[in-house]
Amino acid sequence: MTSAQRDFLPGRSARAAAQRAVDLLAVLLAPDPSVASVRAVLEAHGETSVELAPSDVASLREAASELREVFAARDAGEAAEVLNRLLARYAHPPRLTDHADGFGWHLHVDADDDGPWGAWLVTSSALALAVLLADRQAPPGGLCAASGCGKPFVHLGGGSPRRYCSTRCATRERVAAHRRGRSPAAQ
């Protein structure tokens, strides 16, 4: 079983798809993402035989901008509103697929297995984020609170809600706060 197939084991598919969404948003929301950088993220998350054109990357960027609204939501209600809007606009009736190659049965709500990349990103991500919101009764993620960052992150574990996309951003903010507290102007 490949690592991508393990991601479709019960209880893991929503978390894996949500993390894939965040990783794609990190690349797609950066200035001028390349086809190669987007392909690398897709392949790292188990997509095989990825063929992308610049127009596909443009479609994925539009989808990423729409998905970012979920992470910018202030609370579960606002996140649910955004997710419901995205699902109403893009989703089709749920269907099970294994992509005809033994990939492992999993749920899709996009038009078909060979549909447009942008619609696939919105539907697969919105479905996963909706499952996480329903499971936790809280927003599925957020935007990094570190000054100058703002990257989306997904909340996959228990415990307190996250504020930062990485330990690096959290540490940088703690160090900056510590330095501000010790500066002569603060005394």
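In the loop between strand S4 (152-154) and helix H7 (167-182) sits His155, a convenient place to enter this predicted model. His155 has a relative accessibility of 5% and therefore counts as buried, the limit being 20%. Its side chain is joined to that of Arg136 by a polar contact of 2.9 Å. Setting aside residues up to four places away in sequence, His155 touches Arg136, Pro140 and Gly141, and also Ser160, Pro161 and Arg162.

With that corner in view, the overall layout can be described. The protein contains seven helices and four strands, and along the sequence these follow the pattern α-α-α-α-α-β-β-α-β-β-α. Of the 187 residues in the protein, 37% are buried. Among contacts between residues at least 6 apart in sequence, 48% join residues that are at least 24 apart.

Helix H5 (residues 76-90) lends itself to a simple check of geometry. At 1.5 Å a residue, its 15 residues should span 21 Å, and the end C-alpha atoms are indeed 21 Å apart, in agreement with that expectation. The buried residues of H5 are Ala79, Val82, Leu83, Leu86 and Tyr90. Viewed down the axis of H5, these buried residues fall within an arc of 95 degrees, so they line one face of the helix. The spacing has a familiar background: an α-helix has 3.6 residues a turn, so residues three or four places apart point the same way. Helix H4 (54-72) and helix H6 (117-136) are what the buried residues of H5 pack against. On the other side of H5, by contrast, Glu81, Asn84 and Ala88 are exposed. At the start of the helix, a side-chain oxygen of Asp75 comes to within 3.2 Å of the backbone nitrogen of Gly77.

Helices H2 (residues 13-28) and H3 form another pair worth a look. Their axes come within 10 Å and cross at roughly 170 degrees. Since angles over 145 degrees count as roughly antiparallel, H2 is roughly antiparallel to H3. On the H2 side of the contact are Asp23, Leu24, Val27 and Leu28, which meet Ser37, Val38, Val41 and Leu42 in H3.

Just beyond this pair, the loop between helix H3 (35-44) and H4 holds Glu47. With a relative accessible area of 23%, Glu47 is partly exposed, because this value lies between the 20% and 50% limits. Neighbours within four places in sequence aside, Glu47 is in contact with Arg20, Leu42 and Trp120. Leu42 is also one of the H3 residues that meet H2.

Two loop residues deserve a note on their backbone angles. Most residues other than glycine have a negative phi. Asp32, although not a glycine, has a positive phi of about 50 degrees. This residue lies in the loop between H2 and H3 and is exposed, with a relative accessible area of 73%. Gln137 is likewise not a glycine and has a positive phi of about 55 degrees. The place of Gln137 is in the loop between H6 and strand S3 (141-143), and at 61% relative accessibility Gln137 counts as exposed.

Definitions and conventions:
Residues are numbered from 1 along each chain as its sequence is written. This is a predicted model: local features need pLDDT of at least 70, side-chain atom pairs count only at pLDDT 80 or more; totals for chains, interfaces and linings use all residues. Side-chain values use heavy atoms; hydrogens and water are left out. The expected span of a helix is 1.5 Å times one less than its number of residues. Buried means under 20% relative accessible area, exposed over 50%, partly exposed in between (1.4 Å probe, protein chains only). The arc is that of the directions from the helix axis to the C-beta atoms. Contact means heavy atoms within 4.5 Å. A polar contact is a pair of N or O atoms within 3.5 Å; within protein, one must be able to donate a hydrogen and the other to accept it, and residues adjacent in sequence count only if both atoms are side-chain atoms. Axes are lines fitted to C-alpha atoms, for helices over the stretch in contact, and angles run from 0 to 180 degrees between N-to-C directions. Angles under 35 degrees count as roughly parallel, over 145 as roughly antiparallel, 65 to 115 as roughly perpendicular and the rest as oblique.
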